[in-house]
Amino acid sequence: MNMQRMKKVALSVALAGGVATTAGAYAADLNSIIKTGQAKVAANQQSQARVDAIADDTDSRLADYKQTNKQIENVQMYNTQLEKSISNQKEAMGELEQSIKDVVVMQRQMGPLAEKMIAALENFIALDMPFRMDERNARIEQLRANLTDPKFSTSERFRQVLEAYKIEDNYSRFIDTYTDTINVNGTDREVNILQIGRISLLAQTKDNEVSMAWNKEAKTWEPLTDSAYRSAIVKGVRIAKKQAVIEVMELPVEAPEAE
């Protein structure tokens, strides 16, 4: 009886030892599996990190590529606009060069032309009614002096000549009066000159006793015997001085003759 119990106990111990041995083997395998799984997880994490890094690098490079392409497009557009601008500037430069050549030619021609115009104006004044002759002749002399004055440009000299022509033209449009000295019956006397455009040129002594009209054909002063002209000239002088209102006056005017 005791022997059988002992056998059972021994068998139980043996079985327990086998179970312990088997459990230890399983535990060792489980640890190995866990370590292997952890290693794989770590490897996967490293791989994912590398993939993410590659993806980030790819995205960054793609963004740089797109940005570079955009910059290239902008540069190409700028170059196209710049080429058009340069082409327009070259065309403008060509026109400017031609204009400069034309200006040089015109400047060379303006000098001789101005001299001819001054001579023509001087001749016109000599043939015109003799009003304000000192002033008009002095203007001609000044124009000639300015032609050789280096402080005046060619264009300014030409402008002065045109201005002189304009002044002469204006003499035909207004009534004017001033004081002058002329020969009256062999004696130099101070007179009031009444200029009515280029229609009539009249003179009257300060005492209003002698009235005269300029004869264009004879180129001399002729006395006016009609006493009505005396008061008309007096009134005309007052109108020219803006001392009286404009009104109709009866004055001597040379009528054109039929050819």
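Visitor: Which residues of H2 are buried?
Guide: The model is predicted, and helix H2 covers residues 133-147. The buried residues cover an arc of only 130° around the axis, so they sit on the same side of H2. They are Arg-136, Arg-139, Ile-140, Leu-143, Asn-146 and Leu-147.

Visitor: Which exposed residues does the face of H2 turned away from its buried side carry?
Guide: A residue counts as exposed when its relative accessible area is over 50%. On the face of H2 turned away from the buried side, the exposed residues are Asp-134 and Glu-141.

Visitor: How far does H2 reach from its first C-alpha to its last?
Guide: H2 has 15 residues. At 1.5 Å a residue the expected span is 21 Å, and the helix comes close to that. Its reach in the model is 21 Å.

Visitor: Which strands stand at the edges of the sheet?
Guide: The sheet is open, has 5 strands in the order S1-S2-S3-S4-S5, and pairs antiparallel. An edge strand has a single partner strand, so one side of it is left without a neighbour in the sheet. The edge strands are S1 (175-184) and S5 (220-223).

Visitor: By how much are neighbouring strands of this sheet turned against each other on average?
Guide: The strands in question are those of the open sheet with antiparallel pairing. With direction ignored, the average turn between neighbours is 35°.

Visitor: What is the bridge partner of Asn-192 in S3?
Guide: Strand S2 spans residues 187-196 and strand S3 spans residues 200-205. The two run antiparallel and are joined by 6 bridges. In S3, Asn-192 has as its bridge partner Gln-204.

Visitor: How many Å apart in space are Gln-107 and Thr-154, C-alpha to C-alpha?
Guide: Gln-107 belongs to helix H1 (residues 2-127) and is partly exposed, at 40% relative accessibility. In sequence, Gln-107 and Thr-154 are 47 residues apart. Their C-alpha to C-alpha distance is 6.4 Å.

Visitor: What is the phi of Arg-132?
Guide: Arg-132 is placed in the loop between H1 and H2 and is partly exposed, with a relative accessible area of 23%. Most residues other than glycine have a negative phi. Arg-132 is not a glycine, yet its phi is positive, at about 45°.

Visitor: Is Lys-242 buried or exposed?
Guide: Lys-242 lies in the segment after helix H4 (228-240). Its phi is positive, near 60°, in a residue other than glycine. With a relative accessibility of 75%, Lys-242 counts as exposed.

Technical notes. Residues are numbered from 1 along each chain as its sequence is written. This is a predicted model: local features need pLDDT of at least 70, side-chain atom pairs count only at pLDDT 80 or more; totals for chains, interfaces and linings use all residues. Side-chain values use heavy atoms; hydrogens and water are left out. Helices (H or I, at least four residues) and strands (E, at least two) are DSSP runs, numbered from the N terminus. The expected span of a helix is 1.5 Å times one less than its number of residues. Buried means under 20% relative accessible area, exposed over 50%, partly exposed in between (1.4 Å probe, protein chains only). The arc is that of the directions from the helix axis to the C-beta atoms. Two strands pair if DSSP finds at least two bridges between them. Axes are lines fitted to C-alpha atoms, for helices over the stretch in contact, and angles run from 0 to 180 degrees between N-to-C directions.
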